Amino acid sequence: MLIHSASQLLTLAGGPQRGKALGSLGIIRDGAVLVRDEKIAAVGTTDELRRAYPDEPTLDAGRCVLMPGFVDPHTHLVWAGDRADEFEKKMAGTPYLDILAAGGGILSTVRATRTASLETLMAETRPRMLRMFRNGTTTAEAKTGYGLQTSTELRLLKALLALHDESPLDLVFTFLGAHAVPAEHKDNPQAYADEVVNAMLPTLKEWWQTHAPRHAPPFVDVFCETGAFTLEQSRQILTQAAALGFPLKIHADEFDNLGGAALAAELGAASADHLVVTSDADIQALAKSETVAVALPCTPFGLAEGRYTPAQKLLEADALLAVATDCNPGTSWNESMQFAIALACRYMKLTPAQAIAAATINAAHALRRADSIGSIEVGKQADMLILSVNNYQQVGYRYGTNLVRHIVKRGQIYSVDVGYYRTA
Ligand code: NIG
Ligand code: FE
């Protein structure tokens, strides 16, 4: 299949983009891409590729933008129920961490999730994945973290593995057993941290080998925050995870600066996420590492808070920056990377080109998948979008609407347009 006549083909070629180099789109005007066996087989201008592959079936991109599929590197995809009641409280002024300390927040979703069957969890998660896919996400990270006990955490992984298998949207798995201290350990958080280290992680390793042998080991993540896990507990958990062969992630500096970002850099984590109140020293530590700073602008927006990830400081320091939705029921129930980009442009002052790179090639690097997804280069997976616009600058400028017209996932073409219709 030859996809041709793209007004702008955004290749994002050349690997992850550090610091001020962020935003190099690698544009080919009147671009074309040859897709064979789920992969990208050739990239060039329409003229070049038509001449080289005259007998290939074609798809006309109709003078629209052709770009890599979005990679969403931070979501809490699987949970049961909702927290609409808490949204009202938060808008009336109750802080997020106060609701958590009172046994609500994450813990209220934990109660709903623990009692939900595998089938219910899958049924509630499917429409979220469909919305992600329709909005152009072709690969999404997906965390557990609403079980906080081995049996439920493993049920969440089971649901995610099955959803990955049944859907065109690829999932990348993360174990977030250390998302909050469960109610039964309220009086002794260290006991729960110890349980994660000594019981849950070794069990996870064994379980993964039998239930997901063809998948790479999941990431292990920790919510390093006041009211969740201390820096020392985060270190214990991540050190054990690394020793067992799991790649690492961390939630750091969403509300308080505990030093989680520097810890992530020190331990070689793939990413440190949130980074709203990150210190200059932590920014420097990230900048000297391969740990990607993942900004989640939908989260302060979702909580109606004024502070966002200091993207300009991160870029000046020469750090790697990515953007994600953080899709979750408490702070950011939003499936659209286009919306995350719109916020990143306004509140983190990224240009549309920078935000697009942060949402594709750099997001792929935050999942350590930049060798196979996140750009349009020969040999990579054929995960692409045809937008309904002819200039990439429309991305981020327009919001609250879906600019994706076609999704190419592993070479298969999906159409988003349904058009107008009448019944009877
Ligand atoms: O990334 N910060 C911790 N975890 C989520 C929120 C989860 C929830 O409130 O359910 C986040 O914002
Ligand atoms: Fe999160």
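The following legends describe close-up views of a predicted model.

**View 1. The eight-stranded open sheet.**
Eight strands make up an open sheet, following the order β6-β7-β8-β9-β10-β11-β12-β13, and their pairing is parallel. At the edges lie β6 (70-72) and β13 (321-323), each of which pairs on one side only. From one strand to the next, the twist averages 25 degrees. Strands of a sheet pair through backbone hydrogen bonds, in either a parallel or an antiparallel manner.

**View 2. Pairing of β6 with β7, and helix α6 on the sheet.**
Three bridges connect β6 with strand β7 (residues 137-143), and the two strands pair in the parallel sense. Among the residues to locate in this view are Phe70 and its bridge partner in β7, Thr137. Helix α6 (residues 150-166) packs on the sheet, where it touches β7 and β8. The direction of α6 makes about 175 degrees with that of β8, an angle that falls in the roughly antiparallel range, over 145 degrees.

**View 3. Strand β9 and its neighbour β8.**
Strand β9 (residues 219-224) is mostly covered, with six of its six residues buried. This burial extends to both faces of the strand: Phe219, Asp221 and Phe223 are buried on one side, and Val220, Val222 and Cys224 are buried on the other. Strand β8 (residues 170-178) runs parallel to β9 and is joined to it by three bridges. Phe219 in β9 stands opposite Thr174.

**View 4. Helix α8 across the sheet.**
Helix α8 (residues 231-243) lies across three strands, namely β8, β9 and β10 (249-252). With respect to β9, helix α8 runs at about 175 degrees, which is likewise over the 145 degrees that marks a roughly antiparallel arrangement. The strand β9 seen here is the one whose residues are buried on both of its faces.

**View 5. Packing of helix α9 against helix α10.**
Helices α9 (residues 260-267) and α10 (residues 280-287) pack with their axes 8 Å apart and at an angle of about 20 degrees. Because of this angle, α9 is roughly parallel to α10, the limit for that description being under 35 degrees. The crossing in which α9 passes α10 is left-handed. On the α9 side, the residues in contact are Ala261, Ala262 and Ala265, and these meet Asp282, Ala285 and Leu286 in α10. Sorted by class, this contact comprises five nonpolar residues, one charged residue and no polar residues.

Note on methods:
Residues numbered from 1 in each chain as written. Chains lettered and ligands numbered in written order. Predicted model: local features only at pLDDT ≥ 70, side-chain atom pairs only at ≥ 80, totals over all residues. Heavy atoms only, no water. Axes fitted to C-alpha atoms, helices over the stretch in contact; angles between N-to-C directions. Helix = DSSP H or I, 4+ residues; strand = E, 2+ residues; numbered from the N terminus. Parallel < 35°, antiparallel > 145°, perpendicular 65-115°, else oblique. Left-handed = near helix turned anticlockwise from the far one by under 90°. Contact = heavy atoms within 4.5 Å. Nonpolar A, V, L, I, M, F, W, Y, C, P; charged D, E, K, R; others polar. Buried < 20%, exposed > 50% of the residue type's maximum accessible area, 1.4 Å probe, protein only. Pairing = 2+ DSSP bridges.
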